[in-house]
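This briefing covers selected side-chain features of one structure, grouped by topic. The sequence and the model come first.

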Amino acid sequence: MNLNRRIFTAAAVASTLALGSTAALAQAYPAKPIALVVPFAAGGPTDIVARTLAATMTKSLGQTVLVENKAGAGGTIAGGYVMKAPADGYTFLIHHNGMATAPALYRKLAYNPVSDFEHVGNVVDVPMTMLARKDMAAKNLAELMAYVKANAASINLANAGLGAVSHLCGTLFQQALGVTLTTVPFQGTGPALNALLGGQVDLLCDQTTNTVPHIKAGTVKLYGVTSKQRIKALPDAPTMHEGGLKDFEVIVWHGVYAPKGTPAAVVQKFGDAMRIALKDPAFVDRMAQLGGEIPPAGRQTSEGQRAWLTAEVQKWGTAIRAAGQFAD
């Protein structure tokens with residue numbers, strides 16, 4: 001056997017062994033519980049999505065998916081934690097738009113959301129709702145916009161903290177109307193919504209996962225949903241576009257990520273279980289009750305999520321830089 005043939009044979013054997021090892025790894029996975037890390041406190045919108053997903057995925061994976069809450073710094077603490085976790089398929093991150101806004105908000109961010117993770121896929125899209133205290137006189141969005149423009153100096157707008165999607169939605173609302181309102185940041189969506197319910201603030205843009213029960217109870221006034229189409233949870237609610245704010249869209253999307261270097265076969269197997277969960281009628285129904293919808297199949301894949309995130313980083317980076325508000 002000549003030298004070239006021996007080299008070719010050795011390479012072929014190594015490749016076969018590697019493929020066999022990868023297949024064996026995927027077949028044995030998972031051998032223990034899996035952590036799904038949430039960047040926010042228990043009970044919040046992303047936590048609700050994560051726990052519903054984890055319970056559904058547990059059925060097909062044959063191992064428990066455990067939710068771990070690591071809140072703080074707009075989700076960047078959890079992002080840094082997962083980035084540094086062992087790339088063995090037992091630690092994943094679920095995060096919303098904060099993955100796309102962090103590069104612009106945090107000028108010393110320790111990771112690149114696009115290149116420092118393996119992408120699993122997007123899970124659910126949740127629209128926002130533009131709300132006011134229940135005694136706001138404006139009858140519809142057109143009247144609200146006119147009122148805000150005429151009284152901008154005396155109106156306050158609540159949010160869940162710098163970089164929260166409620167903050168970003170409020171920022172786009174102000175930019176669309178050409179006004180600057182007094183913004184009131186709270187430590188989370190719960191306190192912000194409570195302030196609106198109590199009449200201490202005038203306006204709030206918040207996720208349907210939080211607001212649908214209060215809208216139906218009439219304890220807040222709804223002016224529109226921020227999706228392109230009306231949603232099943234609030235079929236009579238007009239979109240912001242219908243109300244007169246053309247092309248206004250803010251969707252809270254949730255994606256799942258793994259540490260960079262996690263074996264492709266493991267990412268695929270976890271992703272397959274995730275995509276099975278997204279077809280589970282109980283999961284779909286629970287998300288619909290909260291105003292959420294399953295994203296298109298193309299965004300449920302690794303490649304689709306990476307492309308989506310890349311575009312979102314650009315979109316929100318432009319809005320954040322225009323607003324001139326940064327976390328550090």
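Two rings of Phe, Tyr or Trp (for Trp, the six-membered ring) are taken as a pair if their centres lie within 6.5 Å; planes over 60 degrees apart count as edge-to-face. By that criterion the structure, which is a predicted model, holds five aromatic pairs. A search of the whole structure also finds eight salt bridges.

**Aromatic pairs**

- The ring centres of tyrosine 111 and phenylalanine 117 are 5.5 Å apart and the planes stand at 90 degrees, so this pair is edge-to-face.
- Both tyrosine 111 and phenylalanine 117 are buried.
- Phenylalanine 117 also pairs with tyrosine 257: the centres are 6.0 Å apart and the planes are at 65 degrees, so this pair is edge-to-face as well.
- Phenylalanine 117 belongs to strand E4 (residues 117-133) and tyrosine 257 to strand E9 (residues 251-259), so their pair ties together parts that are 140 residues apart in sequence.
- Phenylalanine 117 has a relative accessible area of 0% and is buried; tyrosine 257, with 0% relative accessibility, also counts as buried.
- Through ring pairs, Tyr111, Phe117 and Tyr257 form a cluster.

**Charges over rings**

- Lysine 70 sits over the face of tyrosine 81, at 4.4 Å from the ring centre.
- Arginine 107 sits over the face of phenylalanine 326, at 4.1 Å from the ring centre.

**Aspartate 206, a buried charge**

- Aspartate 206 is located in strand E7 (residues 203-207).
- Which side chain of opposite charge is nearest to aspartate 206? It is arginine 286, 14 Å away; aspartate 206 is buried and has no salt bridge.
- Salt bridges require a side-chain nitrogen of Lys or Arg within 4 Å of a carboxyl oxygen of Asp or Glu.
- A polar contact of 3.2 Å joins the side chains of aspartate 206 and asparagine 210.
- Apart from neighbours within four places in sequence, aspartate 206 contacts Met128, Thr129, Thr189, Leu193 and Thr211.

**Helix H8 and its surroundings**

- The buried residues of H8 are Thr208, Thr209, Asn210, Thr211, Val212 and Ile215.
- These buried residues pack against helix H2 (45-61), E4, helix H7 (189-197), E7, strand E8 (220-225) and helix H11 (281-289).
- Threonine 209 lies in helix H8 (residues 208-217).
- Threonine 209 has a relative accessible area of 9%, and is therefore buried, the cut-off being under 20%.
- Not counting residues up to four places away in sequence, threonine 209 touches Pro45, Val126 and Leu290.
- Glycine 218, just after H8, takes a positive phi of about 80 degrees.

**Salt bridges within helices**

- Arginine 51 and aspartate 47 form a side-chain salt bridge, 2.9 Å from N to O.
- Arginine 51 and aspartate 47 are four residues apart in helix H2, so about one helical turn separates them.
- Arginine 51 is partly exposed, with a relative accessible area of 39%, whereas aspartate 47 is buried, with 3%.
- Arginine 275 and aspartate 272 form a salt bridge whose closest N and O atoms are 3.1 Å apart.
- Helix H10 (residues 264-277) holds both arginine 275 and aspartate 272, which are three residues apart, about one turn of the helix.
- Arginine 275 counts as buried at 16% relative accessibility, while aspartate 272 counts as partly exposed at 34%.
- A separate group, Arg133, Asp135 and Asp202, is joined into one network by salt bridges that share partners.

**A salt bridge between a helix and a loop**

- Glutamate 242 and arginine 230 are joined by a salt bridge, with the closest N and O atoms 3.0 Å apart.
- This pair links distant parts of the chain, 12 residues apart: glutamate 242 is in helix H9 (residues 240-243) and arginine 230 in the loop between E8 and H9.
- Glutamate 242 counts as partly exposed at 47% relative accessibility, and arginine 230 is partly exposed with a relative accessible area of 39%.

Conventions
Residues numbered from 1 in each chain as written. Predicted model: local features only at pLDDT ≥ 70, side-chain atom pairs only at ≥ 80, totals over all residues. Heavy atoms only, no water. Helix = DSSP H or I, 4+ residues; strand = E, 2+ residues; numbered from the N terminus. Buried < 20%, exposed > 50% of the residue type's maximum accessible area, 1.4 Å probe, protein only. Lys, Arg positive; Asp, Glu negative; His and termini not counted. Polar contact = N/O pair within 3.5 Å; in protein donor to acceptor, adjacent residues only side chain to side chain. Contact = heavy atoms within 4.5 Å. Phe/Tyr/Trp six-rings, centres within 6.5 Å; stacked < 30°, edge-to-face > 60°. Lys NZ or Arg CZ within 6 Å of the ring centre and 35° of its normal.
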